Amino acid sequence: MILINLLPHREAARKRQKEQFFTQLGLSALLGGIICGAVFTWYQGQIDAQQERNSFLQQEIAKLDLEIKDIASLQKEIASLRARQAAVEDLQGDRNLPVHLLNELAAQLPDGIYLSTVKQENQSVLLTGVAQSQERVSELLRNLGNNSPWLNRPELVEIVAANVTLSPRDQRRVSNFTIRVALVRPSAEASTAAGTATVVPAVPGKV
């Protein structure tokens, strides 16, 4: 017996193909949506993690800024304390400077020179006196410049010839002079050692 299919098989095949196409298209769209959702979720997680790291770093930076401010404040306090310490050391060193000045003048003053005034202004000392000759003044300048650890840079400000009357019949030629010399400020070690040093007695008749 021969069976003949009188149904429109071509339209049925096309319909089946369309159904398969739309099914595959729907599955592809669903799979693409799943993949896109997974990628979006992964990227969102990465963004959230990076934002957390950024927030943590900002908090740590804020803490470091506070520590830096504290360090700067401590450095200022340390600088202030060092300045005060230096001022105290200078005062302690300067306390013995007049003694050293008188000792050095007594030791370095050559014979034939007499000081009338000694005036100190900060680290500068102004000496005025009378010398028997200009050679004596030159010798004093050499002594102050080369032989004294407490005095340096002597400078002759003025020297004037004059006459001194010792008696109605005795007049002598002398030189009135003015010398400026720098007083050396000792270091902390030198001032400590100088504080325990023995004071040299002044030479009578010179200062």
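## A nonpolar patch on the surface

Which residues make the nonpolar surface patch of about 540 Å²? In this predicted model, the patch is made by Leu31, Ile35, Val39, Trp42 and Tyr43. One of these residues, Ile35, has its place in helix H1, which covers residues 9-95.

The accessibility of three of the patch members can be stated residue by residue. Ile35 has a relative accessible area of 47% and is partly exposed, and Tyr43, at 48% relative accessibility, is likewise counted as partly exposed. Trp42 has a relative accessibility of 51%, and because the exposed class begins over 50%, Trp42 counts as exposed.

## Aromatic pairs

The structure holds 2 aromatic pairs. In one of them, the ring centres of Phe21 and Phe22 lie 5.6 Å apart and the ring planes meet at 65°, so this pair is edge-to-face. Phe22 itself is exposed, with a relative accessible area of 55%.

Trp42 and Tyr43 also form an aromatic pair, with 5.0 Å from centre to centre and 75° between the planes, and this pair too is edge-to-face. Both Trp42 and Tyr43 belong to the nonpolar surface patch described above.

## The largest nonpolar core

In soluble globular proteins, nonpolar side chains tend to be buried together. The largest nonpolar core of this model has 18 residues, and those that touch the most other members are Leu127, Leu140, Leu151, Phe177 and Ile179. The elements that give two or more residues to this core are helix H2 (97-108), strand E1 (113-121), strand E2 (124-131), helix H3 (134-146) and strand E4 (170-183). Of the contributing elements, E4 gives the most, with 4 residues.

## Contacts around Leu127 and Thr178

Leu127, one of the core residues that touch the most other members, offers a closer view of this region. With neighbours within four places in sequence left aside, Leu127 is in contact with Leu105, Leu115, Thr117, Val118, Leu144, Phe177, Thr178, Ile179 and Val181. Among these partners, Phe177 and Ile179 are also named with Leu127 as core members that touch the most others.

Is Thr178, which is one of the partners of Leu127, buried or exposed? Thr178 lies in strand E4 and has a relative accessible area of 14%, so Thr178 is buried. When residues up to four places away in sequence are not counted, Thr178 touches Leu126, Leu127 and Thr128, and also Glu155, Leu156, Val157 and Glu158.

Methods. Residues numbered from 1 in each chain as written. Predicted model: local features only at pLDDT ≥ 70, side-chain atom pairs only at ≥ 80, totals over all residues. Heavy atoms only, no water. Phe/Tyr/Trp six-rings, centres within 6.5 Å; stacked < 30°, edge-to-face > 60°. Buried < 20%, exposed > 50% of the residue type's maximum accessible area, 1.4 Å probe, protein only. Patch = residues over 30% accessible without salt bridge, like charges linked within 9 Å, V, L, I, M, F, W, Y side chains within 5 Å. Areas by Shrake-Rupley, 256 points an atom, 1.4 Å probe, with all protein chains shown as cover. Salt bridge = Lys/Arg side-chain N within 4 Å of Asp/Glu carboxyl O. Core = buried A, V, L, I, M, F, W, Y, C linked by side-chain atoms within 4.5 Å. Contact = heavy atoms within 4.5 Å.
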